[in-house]
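The following briefing is arranged by topic for a reader who has the sequence and the coordinates at hand. Please read each group of points alongside the structure shown here.

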Amino acid sequence: MNPPTLRPMTMADYDGVIALMHQTPGVSVREADSREAIQRYLLRNPGLSFVAEDGAALVGCIMSGHDGRRGYLQHLLVVPAYRERGVASALIEACLAGLEAIGILKSHIDVLATNETGQRFWARRGWILRTDLRRYSFVQSGGDNV
Ligand SMILES: CC(C)(COP(=O)(O)OP(=O)(O)OC[C@H]1O[C@@H](n2cnc3c(N)ncnc32)[C@H](O)[C@@H]1OP(=O)(O)O)[C@@H](O)C(=O)NCCC(=O)NCCS
């Protein structure tokens, strides 16, 4: 096992990233993760999503983007055999550095309420649990996995 290397995610990584997401508890895969939607996301947010790989094997990923004001991180995961080696921290840092370089200084992450490990992970890195806000979402059309 080698130390994973990080590089920007491209559409060539799509199938591998989605496969990792499907096999990782704590990460949800939605219709918004379709090939077309992720292509749009990567085009809108160039150089802000990353994969970690050991040779040809994908061992981690993260996606980030922004709306011009705030950054949004999502889909962070590291495969179990590569955890607790700083891979996730490096992926996060890559996103935050990229966001900072374009003037985005504050970012958000949604964590499933059932993902207690994930919540502890973010809290230990200094991310603040917002108890002053409630997120409201609206589905314009479609089913319950939009
Ligand atoms: C959460 C997750 C991404 C963390 O990945 P990771 O690569 O293990 O994260 P890191 O290695 O950066 O940090 C994990 C711990 O290992 C420690 N660590 C880092 N390098 C280390 C090393 N060389 N030796 C020992 N421990 C180390 C870190 O200090 C950290 O401990 P802390 O949280 O108590 O500070 C991973 O557990 C995962 O994929 N979980 C399932 C998906 C998920 O929940 N994603 C988050 C959704 S919001």
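**Ligand site, aromatic cluster and selected residues**

E84 is found in the loop between β4 and α3. The model is a predicted one, and the points below begin with E84 and the ligand before turning to the aromatic residues and to a few individual positions.

**E84 and H75: backbone angles**

- At 84% relative accessibility, which is over the 50% cut-off, E84 counts as exposed when the protein chains only are considered.
- E84 has a positive phi of about 60°, although E84 is not a glycine.
- H75, found in strand β4, likewise has a positive phi of about 60° without being a glycine.
- The relative accessibility of H75 is 16%, so H75 counts as buried.
- As background to these two angles, most residues other than glycine have a negative phi.

**Surroundings of the ligand**

- There are 19 residues around the ligand, and of these E84, G86, S89, N115 and R124 come nearest.
- By class, the shell around the ligand is made up of 10 nonpolar, 4 polar and 5 charged residues.
- Two of the contacts with the ligand use the protein backbone: a backbone N or O atom of E84 lies 2.7 Å from an oxygen atom of the ligand, and a backbone N or O atom of A88 lies 3.0 Å from an oxygen atom of the ligand.
- In the case of S89 the side chain takes part, with one of its N or O atoms 2.6 Å from an oxygen atom of the ligand.
- The ligand exposes 950 Å² when taken alone, and the protein buries 70% of that area.
- The elements that contribute two or more residues to the shell around the ligand are β4 (71–78), α3 (87–101) and α4 (116–124).

**Aromatic cluster**

- The structure holds 2 aromatic pairs.
- In the pair made by F121 and W122, the ring centres are 5.5 Å apart and the planes stand at 85°, so the arrangement is edge-to-face.
- In the pair made by W122 and W127, the ring centres are 4.8 Å apart and the planes stand at 70°, so this pair, too, is edge-to-face.
- W122 takes part in both pairs, and F121, W122 and W127 form one aromatic cluster.
- Each member of the cluster is buried, with a relative accessible area of 18% for F121, 7% for W122 and 19% for W127.
- The value for W127 lies under the 20% cut-off, and therefore W127 is classed as buried and not as partly exposed.
- The charged end of R125 sits over the ring of F121, at 4.2 Å from the centre of that ring.

**A buried loop residue: N45**

- N45 lies in the loop between α2 (35–44) and β2 (50–54).
- Although N45 belongs to a loop, its relative accessibility is 4%, so N45 counts as buried.
- The side chain of N45 reaches the backbone nitrogen of H66 at a distance of 3.1 Å.

**A19 and its separation from G71**

- A19 lies in helix α1, which covers residues 14–22.
- With a relative accessibility of 38%, A19 counts as partly exposed.
- A19 and G71 are 52 residues apart in sequence, and their C-alpha atoms are 25 Å apart in space.

Notes
Residues are numbered from 1 along each chain as its sequence is written. This is a predicted model: local features need pLDDT of at least 70, side-chain atom pairs count only at pLDDT 80 or more; totals for chains, interfaces and linings use all residues. Side-chain values use heavy atoms; hydrogens and water are left out. Rings of Phe, Tyr and Trp (its six-membered ring) pair if their centres lie within 6.5 Å; planes under 30 degrees apart count as stacked, over 60 as edge-to-face and the rest as tilted. Buried means under 20% relative accessible area, exposed over 50%, partly exposed in between (1.4 Å probe, protein chains only). A charge sits over a ring if NZ of Lys or CZ of Arg is within 6 Å of the ring centre and within 35 degrees of the ring normal. A residue is near a molecule or strand if one of its heavy atoms lies within 4 Å of it. A polar contact is a pair of N or O atoms within 3.5 Å; within protein, one must be able to donate a hydrogen and the other to accept it, and residues adjacent in sequence count only if both atoms are side-chain atoms. Accessible areas come from the Shrake-Rupley method with a 1.4 Å probe; for residues, only the protein chains shown count as cover. Helices (H or I, at least four residues) and strands (E, at least two) are DSSP runs, numbered from the N terminus. Ala, Val, Leu, Ile, Met, Phe, Trp, Tyr, Cys and Pro count as nonpolar, Asp, Glu, Lys and Arg as charged, and the others, Gly among them, as polar.
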